[in-house]
Amino acid sequence: MKTPRFTPLVAGLPATVPFVGPEAHIRANGRPFQARIGANESGFGPSPEAIDAMCSAAPDAWMYGDSECHDLREALAAHHGVRPENIVIGEGIDGLLGLLVRMIVAPGDPVVTSDGAYPTFNYHVAGFGGVLHKVPYRDDHEDPSALLARSEEVGAKLLYVCNPDNPMGSWHSGRIIERMLKTLPDGTLMVLDEAYIDAAPPGTAPQIDADDPRVIRMRTFSKLYGLAGMRVGYAIGAPAVIAMFDRIRNHFGMGRVSQAAALAALQDQDWLRRVQSNVATARQRLGQIAADCGMYALPSATSFVALDTGHDGAFAHRLVNALMARDVFVRMPFVAPQNRCIRVSTAPDPILDVFAAALPDALAELDQTRHAP
């Protein structure tokens with residue numbers, strides 16, 4: 001046997017990953033980034049209490065973490081006013097999305113999402129043989145009416161909605177999500193990705209009964225809580241849905257240090273409020289940096305800002321590469337017309353100083369290239 005006998009599904013998948021990680025770029029460039037503002041990590045860092053908790057837990061890292069994540073699950077339930085049976089904890093939202101797709105989607109099953117929305121969800125759907133049906137954004141927002149119509153048309157098993165949205169930073173009010181749920185086709189489960197809800201204005205989170213079996217909400221400690229490196233996400237849903245995760249999840253997937261960090265971070269809401277203020281200030285500064293360079297910052301309810309270059313996706317791609325050459329890591333949406341933008345994470349002022357210096361220089365280089373004989 002020259003090669004393992006891969007399943008036809010896996011053998012037929014493209015050899016791609018949703019994102020090329022910052023470290024891969026660093027290895028390719030041979031030097032570190034001066035401004036790492038492309039992955040929507042929190043440059044403001046985790047709570048000092050979370051850092052202390054990680055240090056305290058480190059000597060016990062020889063032990064597996066609690067397979068039930070009992071303390072964190074109880075704390076999250078109390079924080080959200082739900083029961084522990086409404087909560088499942090996993091290796092970031094990405095890990096939970098993979099489990100959810102495995103639970104719901106069989107080969108050939110229809111799934112609906114927005115064209116250009118979070119590619120890792122699409123990656124999981126493809127990995128389990130689902131058929132993706134996509135609708136375009138409308139005015140740089142996900143289009144609720146079009147998503148519902150397509151779900152009805154194809155009989156979607158899952159309908160993915162990200163609110164606030166990645167990669168555009170746009171958002172709908174919670175009332176819009178509530179209305180979507182009322183008209184959700186029978187047999188469709190809404191996957192509500194709320195990774196950036198901590199950065200959003202009041203009223204963005206819908207008022208939904210945690211026991212409603214038509215929706216599952218995804219949350220994370222990777223963004224404003226500053227724990228992307230710990231990989232802690234959780235879902236809120238009806239107990240009958242949440243219980244199904246126990247049939248397929250990696251029961252020892254959550255490490256002891258990660259659980260301690262997330263619990264301490266959750267308990268330090270003062271730090272979260274400080275980061276929320278810092279993010280709001282940084283969004284304003286990114287808007288000014290963009291305006292100074294003849295670009296436009298789209299309104300954002302997230303920890304990043306989409307900056308409209310005023311050109312097409314090819315130009316934005318060249319700008320991303322020009323910034324990369326200046327040791328500034330940013331990303332861009334993948335689908336037109338949203339790919340006219342670059343996506344820049346909020347960060348402390350010293351990091352944004354680097355971006356503010358590199359952006360006009362990169363734009364000048366592109367302008368020279370465009371006008372070269």
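In this predicted model, C293 is partly exposed, with a relative accessible area of 22%. That value lies just outside the buried class, because buried means under 20% relative accessible area. C69, by contrast, is buried, at a relative accessible area of 3%. A disulfide is a covalent bond between the sulfur atoms of two cysteines. A search of the whole structure for such bonds returns zero disulfides. C293 is accordingly in no disulfide, and the cysteine sulfur nearest to that of C293 belongs to C341, 15 Å away. For a disulfide, the two sulfur atoms would have to lie within 2.5 Å.

Turning to the sheet, seven strands make up an open arrangement that runs β2-β8-β7-β6-β5-β3-β4, with mixed pairing. Strands β2 (87–90) and β4 (131–135) occupy the edges; each has a single partner strand, so one side of each is left without a neighbour in the sheet. From one strand to the next, the twist averages 20°. Strands of a sheet pair through backbone hydrogen bonds, either parallel or antiparallel. The antiparallel sense is found for β7 (residues 215–220) and β8 (residues 233–236), which pair over four bridges. Within this pair, M218 faces A235 of β8.

Helices also pack on the sheet. Helix α4 (residues 70–80) touches β2, β7 and β8, and its direction makes about 130° with that of β2. Helix α8 (residues 174–182) touches β5 (158–162), β6 (189–193) and β7, and the direction of α8 makes about 165° with that of β6. Strand β7 is thus touched by α4 and by α8.

What about empty space in the model? Rolling a probe the size of a water molecule over the atoms shows where empty space is left. The largest pocket holds about 640 Å³ of space. Its lining comprises 28 residues, of which F19, D94, Y118, K223 and R231 are the closest to the pocket centre. Helices α2 (22–29) and α5 (92–104) and strand β5 each supply at least two residues of this lining. The largest share comes from α5, with three residues.

Closed spaces are present too: the structure holds three cavities of 30 Å³ or more. The largest cavity has a volume of about 90 Å³. Residues lining the largest cavity include G116, A117, P119, N166 and P167, together with R331, M332, P333, F334 and R343. F19 and Y118 also belong to the lining of this cavity, and both are among the residues closest to the centre of the largest pocket.

Terms used:
Residues numbered from 1 in each chain as written. Predicted model: local features only at pLDDT ≥ 70, side-chain atom pairs only at ≥ 80, totals over all residues. Heavy atoms only, no water. Pairing = 2+ DSSP bridges. Axes fitted to C-alpha atoms, helices over the stretch in contact; angles between N-to-C directions. Contact = heavy atoms within 4.5 Å. Buried < 20%, exposed > 50% of the residue type's maximum accessible area, 1.4 Å probe, protein only. 1 Å grid on protein atoms, 1.4 Å probe; cavity = no way out; pocket = protein on both sides within 12 Å on 5 of 7 lines; lining within 4 Å. Points joined across faces, edges and corners; volume = space filled by probe spheres on them.
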